Amino acid sequence: MPDQRTISVLGLGAMGRALAMTALHGGHRVRVWNRTGGKDIELVAAGADRAATPADAAADADLVIACLLDHASVQAVLEPIAATLSHTALVDLTSTTPEEARQLADWARGHDIAHLDGGIMAVPDMIGGPAAAILYSGDAGTFATARPVLDLFGSAEYLGADPGLAAAHDFALLAAMYAMFAGFAQGAAMLRSAGVSATDFAERAVPWLTAMTRSLPGQALLVDSGDYRTDVQNLHFNKAALDAIVRSAREAETTADVLRPVKALVDEQVADGHGELAFARIVEGLRP
Ligand code: NDP
């Protein structure tokens with residue numbers, strides 16, 4: 001293989017294993033390390049080299065990929081091997097906050113380690129498939145050099161030199177996802193008391209939510225312009241709708257815990273005199 005590289009994967013949870021296996025299938029030499037033994041059996045059977053320590057895994061690797069639980073575990077694993085990592089390229093695919101990514105980048109710079117942060121927009125089963133996307137930010141040179149490997153995992157997009165950018169996008173997307181999942185749970189709870197299964201609800205929710213996502217670019221224009229004037233469904237309308245949905249939740253003998261913060265944001269806008277404006281104005285209520 002003309003461009004075979006030595007890839008070190010630190011952390012063999014579900015995601016680290018998927019990344020390591022994909023790199024192996026891509027024809028690279030893969031060295032793997034995990035804190036607890038036994039997670040590398042399939043990988044070793046498929047041709048990966050088991051490393052006894054993180055330093056053994058990282059030594060002379062072309063690319064070191066960290067995929068650990070959180071920022072604290074990344075620090076715990078990487079800090080003792082700073083000298084080994086010096087002059088190598090480090091891609092941290094652990095989910096961290098933007099500030100944590102910047103801290104790791106500063107630490108890496110201080111040890112001559114080229115650092116790229118990544119936010120994985122996929123679950124392990126998706127890695128290596130067409131639906132997986134990974135967002136990157138940090139050292140542009142590392143992104144360019146590592147690209148043939150990164151492209152194996154999923155579509156790779158470089159967002160910029162600020163190491164926190166990938167994490168900022170990652171967590172913004174996850175915030176939207178969790179709010180949607182919680183909304184589904186709220187609706188499922190309300191329908192359950194009417195004897196409707198969550199499975200039936202899901203069949204209706206998928207096309208409905210898919211159709212509703214088409215309004216996001218229009219809402220984005222309002223947010224970006226700061227001009228929230230609208231001819232349709234202003235905040236007065238949405239307040240009446242949310243009040244009725246909360247009453248409906250009560251009738252269904254469920255709490256409205258998922259809806260309450262949304263209703264509070266809408267109520268606040270209306271109380272502040274913005275009832276004629278669009279729902280998207282609640283974003284102003286999320287400012288510090
Ligand atoms: P897992 O919980 O399956 O694995 C966590 C890994 O971190 C294990 O290898 C674990 O080692 C290791 N670890 C935890 N604490 C320490 C520590 N103090 N020192 C050394 N190693 C430690 O998580 P995933 O593999 O699923 O996720 C890994 C990262 O990928 C996370 O940041 C996650 O947010 C991100 N991610 C995961 C997605 C998913 O769907 N799974 C989706 C997108 C991102 P041990 O086996 O010894 O416990």
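**Close-up views of the ligand site**

**View 1. Polar contacts of the ligand.** In this predicted model, a backbone N or O atom of Ala14 is placed 3.1 Å from an oxygen atom of the ligand. Two side chains also approach ligand oxygen. For Arg35, an N or O atom of the side chain is 2.9 Å from an oxygen atom of the ligand. For Lys39, the distance from a polar side-chain atom to an oxygen atom of the ligand is 2.7 Å. The protein buries 74% of the 900 Å² that the ligand exposes when taken alone.

**View 2. The shell around the ligand.** The ligand is surrounded by 21 residues, of which Met15, Asn34, Thr36, Lys39 and Ser95 come nearest. Lys39 thus appears here among the nearest residues and in View 1 through its polar side-chain atom at 2.7 Å. By residue class, the shell consists of eleven nonpolar, eight polar and two charged residues.

**View 3. Helices at the site.** At least two shell residues come from each of helix H1 (14–25) and helix H4 (71–78). H1 gives the most, with three residues. Ala14, whose backbone lies 3.1 Å from a ligand oxygen atom, is at the start of the H1 range, 14–25.

**View 4. The pocket.** The site of the ligand is the second largest pocket. Within this site, the protein covers 74% of the ligand's 900 Å².

**View 5. Domain setting.** The domain assignment divides the protein into domain 1 (6–168) and domain 2 (215–286). Their C-alpha centres are 40 Å apart. The ranges of H1 (14–25) and H4 (71–78) fall within the bounds of domain 1, 6–168.

How values were computed
Residues numbered from 1 in each chain as written. Predicted model: local features only at pLDDT ≥ 70, side-chain atom pairs only at ≥ 80, totals over all residues. Heavy atoms only, no water. Near = heavy atom within 4 Å. Polar contact = N/O pair within 3.5 Å; in protein donor to acceptor, adjacent residues only side chain to side chain. Areas by Shrake-Rupley, 256 points an atom, 1.4 Å probe, with all protein chains shown as cover. 1 Å grid on protein atoms, 1.4 Å probe; cavity = no way out; pocket = protein on both sides within 12 Å on 5 of 7 lines; lining within 4 Å. Sits in = over half its atoms within 2 Å of the grid points. Helix = DSSP H or I, 4+ residues; strand = E, 2+ residues; numbered from the N terminus. Nonpolar A, V, L, I, M, F, W, Y, C, P; charged D, E, K, R; others polar. Domains from an automatic or database assignment.
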